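Let's take a walk through a protein model together. Have the 3D view ready, and turn it as you read.

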Amino acid sequence: YLHKSLARGVILECDYEWKKVMETASRLSAEHTDSRGCRSMDVIHVALALHLSVSEFLTFDSKQKKLAQAEGLKVPL
């Protein structure tokens with residue numbers, strides 16, 4: 001399924017600097033985890049989205065949505 005999605009352009013490969021993403025995740029965790037109760041993977045996903053400068057952030061997780069919005073990401077729905 002992954003290979004087919006990549007071939008169709010549904011999923012895109014992207015370059016990122018893992019160290020910078022983790023630095024951002026560390027900041028997000030320090031600033032938001034206590035007040036929002038975010039889980040580690042939620043924080044990492046938001047950090048990666050910030051690093052990649054995405055135009056929209058899609059999630060069905062209410063805590064992750066609040067974190068993304070708090071960081072200025074546009075979250076539809």
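Before we look at how helices meet, one word needs pinning down: two residues are in contact when heavy atoms of theirs lie within 4.5 Å. Keep in mind too that this is a predicted model.

Start with a pair of helices. Two packed helices are described by the angle between their axes and the distance between the axes. Here, the axes of helix H3, which covers residues 40-52, and helix H4, which covers residues 62-70, come within 10 Å and cross at roughly 35°. The crossing of H3 past H4 is right-handed.

Which residues in H3 and H4 meet? On the H3 side you'll find Met41, Asp42, Val43, His45 and Val46, and on the H4 side Gln64, Leu67 and Ala68. Sorted by class, that contact is made up of five nonpolar, two polar and one charged residues.

Now zoom in on one member of that contact, Asp42, which sits in helix H3. Is Asp42 buried or exposed? Asp42 counts as buried because its relative accessibility is 8%, and the cut-off for buried is under 20%. If you skip residues up to four places away in sequence, Asp42 touches Asp61, Gln64 and Leu67.

Next, look at the nonpolar core. The largest one has 14 residues, and those with the most contacts inside it are Leu28, Val43, Val46, Phe57, Leu67, Ala68 and Leu73. Helix H2 (18-36), H3 and H4 each supply at least two residues of this core. The largest share comes from H3, with five residues.

Val46 is a handy place to see how these parts come together. Leaving out neighbours within four places in sequence, Val46 is in contact with Leu28, Phe57, Gln64, Leu67, Ala68 and Leu73.

Let's move over to helix H2, where Thr33 is found. Thr33 is partly exposed, because its relative accessible area is 23%, and partly exposed runs between 20% and 50%. Which residues does Thr33 touch, once neighbours within four places in sequence are left aside? They are Leu28, Cys38 and Val43. Take Thr33 and Val43: they are 10 residues apart along the chain, and their C-alpha atoms are separated by 8.4 Å.

Helix H2 also holds Ser35. Ser35 is exposed, because its relative accessible area is 61% and exposed means over 50%. Try finding Leu6 from there: Ser35 and Leu6 are 29 residues apart in sequence, and 37 Å apart in space from C-alpha to C-alpha.

What about the cysteines? A disulfide is a covalent bond between the sulfur atoms of two cysteines. How many disulfides are counted in this model? The count comes to zero. Cys38 is buried, with a relative accessible area of 8%, while Cys14 is partly exposed at 38%.

One last stop is the loop between H3 and H4, where Ser53 lies. Most residues other than glycine have a negative phi. For Ser53, though, phi is near 55°, a positive value in a residue other than glycine. Ser53 also counts as exposed, because its relative accessibility is 62%, and the cut-off for exposed is over 50%.

Key: Residues are numbered from 1 along each chain as its sequence is written. This is a predicted model: local features need pLDDT of at least 70, side-chain atom pairs count only at pLDDT 80 or more; totals for chains, interfaces and linings use all residues. Side-chain values use heavy atoms; hydrogens and water are left out. Axes are lines fitted to C-alpha atoms, for helices over the stretch in contact, and angles run from 0 to 180 degrees between N-to-C directions. Helices (H or I, at least four residues) and strands (E, at least two) are DSSP runs, numbered from the N terminus. A crossing is left-handed if the near helix is turned anticlockwise from the far one by less than a right angle, and right-handed if clockwise. Ala, Val, Leu, Ile, Met, Phe, Trp, Tyr, Cys and Pro count as nonpolar, Asp, Glu, Lys and Arg as charged, and the others, Gly among them, as polar. A nonpolar core is a set of buried Ala, Val, Leu, Ile, Met, Phe, Trp, Tyr and Cys residues joined through side-chain atoms within 4.5 Å. Buried means under 20% relative accessible area, exposed over 50%, partly exposed in between (1.4 Å probe, protein chains only). A disulfide is a pair of cysteine sulfur atoms within 2.5 Å.
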